[in-house]
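Please open the model in a viewer and keep a selection panel at hand. The tour below goes from one selection to the next and says what is found at each stop.

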Amino acid sequence: MKQVPFVLLLLTVLTGYAQQQPGLKLWYKQPAGKTWENALPVGNGRLGAMIYGNVETETIQLNEHTLWSGGPNRNDNPEALASLPEIRKLIFEGRQKDAEKLAGKTIISKTSHGQMFEPLGNLLLSFDGHGAYEQYYRELDIERAVATTTYTVGGVTYTRQALASLPDRVVVIRLTASKPGSISFNAAFATPQPKAVIKTTAAKELTITGTTIDHESVPGKVKYKGLVRIKQEGGSLMAGDTSLTVKAANAVTIYISVATNFNSYKDLGGNEQERAQSTMEKAAAKTFAAIRQTHVAAYQRYFNRVKLDIGQTAAATLPTDERLKNFNTANDPQLVTLYFQYGRYLLISASQPGGQPANLQGIWNNRLYPPWDSKYTININAEMNYWPAERTNLTELFEPFSTMVKELSVTGQQTARDMYGARGWMAHHNTDIWRATGAVDGAFWGAWNNGGGWMSQQAWEHYLYTGDKNYLASIYPAMKGAATYYIDYLVEHPKYHWLVLCPDMSPENAPAAHQGSSLDAGTTMSNQIVFDIFSSTIKAAAILGKDAPFADTLKQLRHKLAPMHIGKHGQLQEWLDDIDDPKDNHRHISHLYGLFPSNQLSPYRTPQLYSAARNTLLQRGDISTGWSMGWKVNWWARMLDGNHAYQLIRNQLSPVGANPGGGGTYNNLFDAHPPFQIDGNFGCTSGIAEMLLQSADGAVSLLPALPDAWPDGKVSGLLTWGGFEIVNMEWKKAKLVKLVVRSTLGGNLRLRTPNPLTAADGKPLTAATGENPNPFYKTETTPAPIVAQDATITLPELKKTWLYDIPTQKGKLYTIQSR
């Protein structure tokens with residue numbers, strides 16, 4: 001293999017990069033060093049690996065999706081039920097802080113506060129004499145899900161490729177060199193796991209076995225095995241006690257298999273030894289080329305469904321870390337495309353059918369004690385992880401989330417019964433692989449009641465995209481159970497006489513009027529969630545032809561819920577009382593749940609509430625934690641303000657530290673709270689999709705929040721409610737010029753467009769009138785808000801749009817063009 005000069009190599013890379021549309025690679029001119037957030041992630045929904053690209057000692061940091069601390073357990077506090085009357089009395093008397101103190105003793109768990117997602121450890125590959133390297137380059141090709149590192153030492157060019165195979169469920173690394181006999185290295189494990197045993201076998205394989213750690217009185221019971229097999233071409237392979245050594249090989253393939261004894265949240269009866277060995281035998285029988293071919297094909301079956309092109313400039317020729325540093329001063333629209341598609345890459349890599357849902361860090365964590373345990377925070381973060389699933393045509397990847405909802409609907413029944421005297425099921429603000437549903441962390445955070453309601457509502461929305469009645473039947477018991485819990489838990493507010501949750505909270509925020517306590521009754525977000533799950537359960541029961549009396553009960557109770565309030569500052573009130581601080585910049589703006597992901601607030605249907613939501617967003621400000629800015633992209637898209645949404649993208653795509661007091665993005669494009677939380681990546685990907693296409697407001701809205709920075713572009717593959725797929729959408733000078741839609745379910749396609757359109761044959765389209773007859777687009781009437789006497793409301797001045805109705809048939813394409 002002829003050595004390629006670095007300048008020529010770089011030009012070749014960059015030329016290929018520029019020719020690709022959109023050219024989807026993260027690439028760098030230096031290794032990750034010791035910084036985990038510089039390493040590049042690969043994953044297959046079971047295994048996650050961070051590839052550092054270090055030359056002398058390469059680090060491959062490994063995770064397995066079921067490798068968690070602890071074991072099956074419950075964390076309910078049995079003292080909760082008896083204390084409920086007193087807690088409610090204190091809250092209704094305005095003594096929220098006293099209520100919080102009592103809740104801290106009686107509601108918050110006295111056992112486990114949740115278990116931790118754990119790392120297996122690092123596979124270290126040590127290459128003696130490679131310190132003086134040149135012509136260094138590393139990349140993550142997210143169009144193929146392959147990481148590559150190249151460099152030159154002593155006139156020899158070395159190449160490493162790494163991938164986490166989707167079909168073969170292993171991590172595979174391929175080492176090659178431009179000169180035969182040049183590959184020599186030592187392979188060893190390093191791990192923070194205290195019970196790990198590392199050794200080699202008679203077959204010259206490297207193994208790591210053990211049991212995960214105890215945590216918060218819960219014994220560690222997950223048994224794991226990691227297995228490394230090296231197949232060298234030429235040269236020799238030798239085994240020491242705890243390491244393998246390759247000398248003078250021409251090429252090497254390294255296979256990594258990891259398995260645990262985890263079967264389910266209540267069953268650890270699996271055989272990790274047999275699983276790891278069986279997976280290894282099947283994979284190691286294949287060449288790297290064969291594994292790569294089937295892996296890329298399986299990956300692209302998901303990834304290639306959506307393509308986005310909003311332009312490309314010379315800025316795209318720079319390394320990714322430099323582009324990130326320059327983004328706020330450069331014109332680099334292709335970095336937005338890269339970031340959008342990177343979110344899809346991460347979801348494909350972290351969440352696969354049959355596996356665990358993507359957690360707070362997806363499937364990547366290097367710490368034995370990670371931030372927030374790297375578990376599932378279900379008062380926003382876990383839900384945000386799955387916002388891109390349907391919108392960006394990764395529908396199958398929602399399955400781990402919906403399975404978790406079903407499992408929580410079982411474990412959460414005891415929590416509802418024992419802690420709150422309620423039927424149905426509930427979950428507080430955190431859960432883990434053991435599907436714990438008790439309250440954790442402290443009453444200020446943990447006394448939130450709506451994990452079951454929100455997650456069930458998100459499971460319903462999956463149906464709105466797919467129209468799959470079998471799926472709906474499978475998730476309906478969870479929806480009904482979440483609604484049933486609210487039936488029993490709602491109480492009448494003694495002052496306002498609405499039905500409210502109590503104790504309740506607006507996640508993690510506390511008004512000064514409540515003495516710094518988050519506890520209250522009937523917060524806006526909770527009212528919105530109850531309204532949603534009642535409404536969706538009513539619809540689901542009708543679709544499935546069951547539970548009519550139960551649905552009637554929900555309808556009667558829904559009328560008694562508190563409406564939204566517009567306060568004296570023109571804001572959407574976060575609490576029933578008008579106590580919002582317009583200078584509050586809290587990262588959670590939970591009362592805008594009704595704007596997104598819900599559709600209770602609309603510029604077209606609820607203009608007063610739309611105005612109030614806009615005031616709230618302006619009062620809270622833009623700069624915040626990474627995930628909060630990701631949510632704000634979605635909110636501003638729903639506000640139809642593309643330029644403001646784009647400003648939030650610019651804020652989020654800022655290096656860590658560039659936003660004083662806020663988050664940003666690490667060099668590997670991981671979202672920074674800080675620290676790393678993957679939900680911000682997924683939230684922003686969803687927000688970019690929402691800027692281009694929305695379907696939650698009675699119609700398919702095309703280019704609803706297009707920023708001035710993207711005057712020309714095209715997108716394909718995005719999905720909408722009712723089973724419509726955007727096969728192609730092109731725009732020029734901010735005007736839609738061509739649209740091709742596939743109808744997978746049939747039914748009326750109502751389009752809201754920024755400019756007049758006609759059918760492809762030039763025939764006029766039918767102007768829409770009345771309510772959309774497509775049942776997937778039926779919107780519930782939002783109760784009229786209660787408006788403070790001194791509130792200033794500026795009704796929106798909306799851009800003119802055109803509404804068309806197109807009858808469609810299942811499986812057919814429909815082409816529309818500009819007039």
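Which residues line the second largest cavity? Select I51, E58, I60, L125, A147, T148, T149, R160, Q161, A162 and I173, which line that cavity. A cavity here is a set of points, on a 1 Å grid over the protein atoms alone, where a 1.4 Å probe fits but cannot get out, and lining residues have an atom within 4 Å of a point.

Before going on, note that this is a predicted model, in which local features need pLDDT of at least 70 and side-chain atom pairs count only at pLDDT 80 or more, while totals for chains, interfaces and linings use all residues. Residues are numbered from 1 along each chain as its sequence is written, and side-chain values use heavy atoms, with hydrogens and water left out.

**The second largest cavity**

About 60 Å³ of space lies in this cavity, a volume being the space filled by probe spheres set on the points, with grid points joined across faces, edges and corners. Strands β4, β7 and β8 each supply at least two residues of its lining; strands (E, at least two residues) and helices (H or I, at least four) are DSSP runs numbered from the N terminus. The lining of the second largest cavity has six nonpolar, three polar and two charged residues, where Ala, Val, Leu, Ile, Met, Phe, Trp, Tyr, Cys and Pro count as nonpolar, Asp, Glu, Lys and Arg as charged, and the others, Gly among them, as polar.

**Strand β3 and its partners**

Next select residues 47-51, strand β3, of which five of the five residues are buried (under 20% relative accessible area with a 1.4 Å probe, protein chains only), so the strand is largely enclosed by the rest of the structure. L47, A49 and I51 point one way from β3, whereas G48 and M50 point the other way.

Add β2 (residues 40-43), which pairs with β3 in the antiparallel sense over four bridges; two strands pair if DSSP finds at least two bridges between them. The bridge partner of V42 in β3 is A49, and in the turn of this hairpin, which has three residues between its strands, G45 has a positive phi of about 85°. On adding β4 (residues 57-68), you will find five bridges that join it to β3, again antiparallel, with G48 opposite N63. The hairpin of β3 and β4 has five residues between the strands, and G53 takes a positive phi near 75° there.

**Strands β7 and β8**

Now select β7 (residues 146-153) and β8 (residues 156-164), which run antiparallel and are joined by seven bridges; T150 stands opposite T159 in β8. Both strands belong to an open sheet of nine strands with the order β1-β6-β7-β8-β9-β16-β13-β12-β11 and antiparallel pairing. At its edges stand β1 (25-28) and β11 (197-200), each with a single partner strand, so one side of each is left without a neighbour in the sheet.

**The second largest pocket**

For the last stop, turn to the second largest pocket, with a volume of about 510 Å³, a pocket being an open set of points with protein on both sides within 12 Å along at least five of seven lines. Of the 29 residues that line this pocket, select R46, E64, H65, R169 and R275, the closest to its centre. The elements that give two or more residues to its lining are β4, β16 (251-260), α4 (272-284) and α10 (399-420). The lining of this pocket divides into eight nonpolar, 11 polar and 10 charged residues.

Notes. Buried means under 20% relative accessible area, exposed over 50%, partly exposed in between (1.4 Å probe, protein chains only).
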